[in-house]
Amino acid sequence: SMRETAAMFDMPQTTIRFWENEFDILKPHKNSKGTRYFRPEDIKNLHLIYHLVKEKGMTLKGAKLKLAENPEKTIKNYEIVSKLQDIRNQLEQIKSNLE
């Protein structure tokens with residue numbers, strides 16, 4: 001749901017709704033009451049947009065251009081960064097266990 005998704009990203013629901021209007025790649029399912037349900041693909045795309053805007057400091061316009069110019073490369077770069085962050089977290093956990 002929208003509440004759970006907003007909590008996952010530690011962002012207000014209004015920001016996610018705004019991004020939904022700005023980015024064509026976000027297409028959550030809405031039930032008859034208008035409640036949004038995010039599919040795994042939407043969550044993955046939210047992570048990508050979050051990475052570009054919040055972590056890399058891009059404007060929404062810049063993020064849209066980046067995704068429009070070369071979506072495959074942008075997604076691949078994000079996946080590489082994400083995997084490297086996971087490895088770093090695992091290494092830090094191993095280090096703390098050794099200390």
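The following exercises, each with a worked solution, concern a predicted model.

Residues are numbered from 1 along each chain as its sequence is written, and side-chain values use heavy atoms, with hydrogens and water left out. Because the model is predicted, local features need pLDDT of at least 70 and side-chain atom pairs count only at pLDDT 80 or more, whereas totals for chains, interfaces and linings use all residues.

**Exercise 1. Overall layout**

Determine how many helices and strands the protein has, and in what pattern they follow along the sequence.

Solution. Begin with the DSSP runs, in which helices (H or I) need at least four residues and strands (E) at least two, numbered from the N terminus. Counting these runs gives five helices and two strands. Reading along the sequence then yields the pattern α-α-β-β-α-α-α. As a last step, take the C-alpha atoms along the principal axes, where they fill a box of roughly 55 × 30 × 20 Å.

**Exercise 2. Two residues at the N-terminal end of the chain numbering**

Decide whether T5 is buried or exposed, and do likewise for D10.

Solution. First fix the cut-offs: buried means under 20% relative accessible area, exposed over 50%, and partly exposed in between, with a 1.4 Å probe and protein chains only. T5, which lies in helix 1 (residues 2–9), has a relative accessible area of 3% and is therefore buried. Its contacts (heavy atoms within 4.5 Å) include I16, F38, I43 and L46, leaving aside residues up to four places away in sequence. D10 belongs to the loop between helix 1 and helix 2 (13–22), and its relative accessible area of 72% means that D10 is exposed. The backbone of D10 also has a positive phi of about 55°, although D10 is not a glycine. For the whole protein, 27% of the 99 residues count as buried.

**Exercise 3. A nonpolar surface patch**

Identify which residues form a nonpolar patch on the surface, and place L98 in its helix.

Solution. Patch members have over 30% relative accessible area and no salt bridge (a side-chain nitrogen of Lys or Arg within 4 Å of a carboxyl oxygen of Asp or Glu); like charges are joined within 9 Å, and nonpolar side chains (Val, Leu, Ile, Met, Phe, Trp, Tyr) within 5 Å. The patch consists of I80, L84, I87, L91, I94 and L98, with about 620 Å² of accessible area together (Shrake-Rupley method, 1.4 Å probe, only the protein chains shown counting as cover for residues). L98 lies in helix 5 (residues 71–98), and L98 counts as exposed because its relative accessibility is 72%.
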